[in-house]
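Colleague: I should be grateful for a close look at one part of this model. Please begin with the turn that interests me and then set it in its surroundings.

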Amino acid sequence: MQPSLQHYHAILHSRAAVFSPFDTQYPELSARGQSIVASTGTRRQLLQTASVLAIGAVAWKLATFRALAAGQVAMPSAASFPVRHTDAEWHRMLSPAQFDVLREEGTEAPFSSPLNHFYSKGTYDCLGCNNPAYASETKFDSGTGWPSFWKPLPNAVIERQDGSMGMQRTEVHCARCASHLGHVFDDGPAPTGLRYCMNGVALSFKPAPGVKPPQGA
Ligand SMILES: [Zn+2]
């Protein structure tokens, strides 16, 4: 008797469970595997395809985890960012303190930014390219001495694992010009639980109409 389609579904899922402990993170992969099963008749090939997909997903995930553990996840190439400058151009555009944070991933001294205790309405833009990065509505007092937000504006930043200084941290970079803005930690307030710990020197406050910027910013 021919095994039923449901039987193959069961095999497919059991194989995925064996090979992919992260299966729930790949609903698109599971859905793709099922649709292939439903639409063709060569079941052996389909099982092989599903296994390859599952193994590939796990291999990619494990490679990523290893890279994360080693702090080796690379930034996208410079050419992939819409705003690009040479180092010489950045030096001309930025003060030494701004260059250190934005282009060399430095960190300003805590409590040094006039934006630290400032909560007027406006946006906080990347100083390197004026990309609006954070809204004042998401700013909060973290007590750390750095301007802190619980959420960036949509598509404003990208994140990269940073294994420097003997710590595992997540760097935050501008999505337009790749400039380093700060780090994000998972000890922030609701609703996200995230704390985007920014360098004030990397941000430019753009006040809402009628709002005055802080002195010295
Ligand atoms: Zn930028």
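In the hairpin of strand 6 and strand 7, which residue takes a positive phi, and how many residues lie between the strands?

Modeller: The residue is A178, whose phi is positive and near 70°, and the hairpin of strand 6 and strand 7 has five residues between its strands. Before going further, please note that this is a predicted model, in which local features need pLDDT of at least 70 and side-chain atom pairs count only at pLDDT 80 or more, while totals for chains, interfaces and linings use all residues. Residues are numbered from 1 along each chain as its sequence is written. Helices (H or I, at least four residues) and strands (E, at least two) are DSSP runs numbered from the N terminus.

The two strands that flank A178 run antiparallel and are joined by four bridges; strands are said to pair if DSSP finds at least two bridges between them. One of the bridge pairs links H173 to H180 in strand 7.

On its other side, strand 6 (residues 169–174) pairs with strand 5, again in the antiparallel sense, over six bridges. Within this pairing, E159 has V172 of strand 6 as its bridge partner, and R160 has E171. Strand 5 and strand 6 also form a hairpin, with six residues between the strands, and there M165 takes a positive phi near 60°.

These pairings belong to an open sheet of six strands, antiparallel and in the order 3-4-8-7-6-5. Strand 3 (139–140) and strand 5 (157–162) are at the edges with a single partner strand each, so one side of each has no neighbour in the sheet. In a regular strand, side chains alternate between the two faces of the sheet.

Beyond the hairpin, strand 7 (180–185) is followed by a loop that leads to strand 8 (195–198) and holds P191. The peptide bond from A190 to P191 is cis, with omega near 10°.

The strands of your hairpin also contribute to the largest nonpolar core, which has 29 residues; C126, A133, C174, L181, M198, A202 and L203 have the most contacts inside it. Such a core is a set of buried Ala, Val, Leu, Ile, Met, Phe, Trp, Tyr and Cys residues joined through C-beta atoms within 7 Å. Helix 5, strand 1, strand 2 (132–135), strand 6, strand 7, strand 8 and strand 9 (203–207) each give two or more residues to this core. Strand 8 supplies the largest share, three residues. In soluble globular proteins, nonpolar side chains tend to be buried together. Leaving aside residues up to four places away in sequence, L203 touches L115, Y124, D125, L127, A133, P147 and M198; a contact requires that two C-beta atoms, placed from the backbone, lie within 7 Å.

Positive phi values also occur away from the hairpins. The loop between helix 5 (96–102) and strand 1 (122–126) contains E105, a residue other than glycine with phi near 60°. E105 counts as partly exposed, with 18 C-beta neighbours inside 10 Å. F111 is found in the loop between helix 5 and strand 1, and its phi is positive at about 65° although it is not a glycine. F111 is exposed, with 11 other C-beta atoms within 10 Å. Here, buried denotes 20 or more other C-beta atoms within 10 Å of the residue's own, exposed 12 or fewer, and partly exposed a count in between, with C-beta atoms placed from the backbone.

As to the whole protein, there are five helices and nine strands, and 28% of the 217 residues are buried. The mean pLDDT is 75, and 65% of the residues reach 70 or more; pLDDT is the predictor's confidence in each residue, from 0 to 100. Over residues 1–43 the pLDDT stays under 50, and the model has 39 contacts beyond four places in sequence for them. The pLDDT is also below 50 over residues 52–72, a stretch with 25 contacts beyond near neighbours in sequence.
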